[in-house]
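User: Please take me through this structure in a series of short questions and answers. I would like each reply to set out its reasoning before it gives the value or name.

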Amino acid sequence: LKICPGFSPMSADGIGPGVGPRALTRSLTYEEDRFLRGHTSVWGSWYNIDTREWGYRCCKSSVRNQACVHAVDVPLEGVDDAPASEDDSLEAEGSDDVMDVHLNAEGRIRRWCKICIREWHQSHENKRPEVCSDQTFGNRQRLSEAESHLQPLYRVLNKGELPEEHLQMVAKFVDLCCDREYQQANQVYVTLTIGNTKWHHSMNVNFTACNKAPRGGMHITKTKDSAMETEEAKNWIISLRRLLCFSQLVWPNDDRSKHLAL
């Protein structure tokens, strides 16, 4: 192998002459290796095949809100005797600026929205140049609108009224935004909006060349709107798209090919 002058071969671990280990970019949305209640492993590091439940690897416990049995002098603050519920996780959403990957779909959606709104507020307070100079995000009225329009989303999430198909689609949108895959997130948004065209009126359906069809055709009556077919839903879906654009502005991907052309 002929080596050109000035060529510095890299070692097997990717470290060249005078170059230290390559540092990974710290995630702004996910907090890793956060040990709670005396555990030395994170929730979800172990899976019980028999009961099909996730748990802690250190103590093989599948009770998320329980202190580690191997821990010594674990503070009791914040530890309940009952297993943690999803409502407990949602109540704690406003306490952290990072995503909890173990939240359910509803929890991840709420947490991400609140993180974005909080960051938007702080950007105004700190006069962040790229935000304050932006025609959309520099406008406090847009921020107030987004906050207001997201409230109905929180309500349908709390009541479990969002259809499962749409819930998983919105959760996928949020997860892609957290991973800064903004183009892919926008594709999910497009699917979510185009795939939910609203029936505005009752409608008549006529059949031709069919000897089994009822005479005069069928009359389909729209009785009520679903959770995705309301004016409120239209507003919060648009607000999610706005938060996507805000995320791209303040948490850009190093690979700009994954950005939307705004």
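User: Which residues of α4 are buried?

Analyst: This is a predicted model, in which local features need pLDDT of at least 70, side-chain atom pairs count only at pLDDT 80 or more, and totals for chains, interfaces and linings use all residues. Residues are numbered from 1 along each chain as its sequence is written, and side-chain values use heavy atoms, with hydrogens and water left out. Buried means under 20% relative accessible area, exposed over 50%, and partly exposed in between (1.4 Å probe, protein chains only). On that basis, the buried residues of α4 are L143, A146, L150, P152, L153, Y154, V156 and L157.

User: Which elements do the buried residues of α4 pack against?

Analyst: Helices (H or I, at least four residues) and strands (E, at least two) are DSSP runs, numbered from the N terminus. Contact means heavy atoms within 4.5 Å. The buried residues of α4 pack against α2, α5 and α7.

User: How far apart are the end C-alpha atoms of α4?

Analyst: The expected span of a helix is 1.5 Å times one less than its number of residues. For the 20 residues of α4 this gives 28 Å. The span in the model agrees with that value, the end C-alpha atoms being 30 Å apart.

User: Which residues touch the most other members of the largest nonpolar core?

Analyst: A nonpolar core is a set of buried Ala, Val, Leu, Ile, Met, Phe, Trp, Tyr and Cys residues joined through side-chain atoms within 4.5 Å. The largest one has 43 residues, and the members touching the most others are W112 and F173. At least two residues of this core come from each of α2, α4 (140–159), α5 (164–178), α6 (182–194) and α7 (231–250). Leaving out residues up to four places away in sequence, F173 touches A185, V188, Y189, L240, R241, L244 and also W112.

User: Is C116 buried or exposed?

Analyst: C116 lies in helix α2 (residues 105–125). Beyond its neighbours within four places in sequence, C116 is in contact with L243, F246, S247 and W251. F246 is 130 residues from C116 in sequence, yet their C-alpha atoms are 7.6 Å apart in space. Because its relative accessible area is 0%, C116 is buried.

User: Which residues form one network through salt bridges that share partners?

Analyst: A salt bridge is a side-chain nitrogen of Lys or Arg within 4 Å of a carboxyl oxygen of Asp or Glu. R128 pairs with E119, the closest N and O atoms being 2.8 Å apart, and with E130, where the closest N and O atoms are 2.7 Å apart. A further bridge joins K258, in the segment after α7, to E181, in the loop between α5 and α6, 77 residues apart; E181 is buried at 17%, whereas K258 is partly exposed at 28%. The network formed by shared partners consists of E119, R128 and E130.

User: What is the area of the nonpolar surface patch that includes W54?

Analyst: Patches are made of residues with over 30% relative accessible area and no salt bridge, with like charges joined within 9 Å and nonpolar side chains (Val, Leu, Ile, Met, Phe, Trp, Tyr) within 5 Å; accessible areas come from the Shrake-Rupley method with a 1.4 Å probe, and for residues only the protein chains shown count as cover. W54 is found in strand β2 (residues 53–55) and is partly exposed, at 48% relative accessibility. Together with Y47 and I49, W54 makes a patch of about 360 Å².
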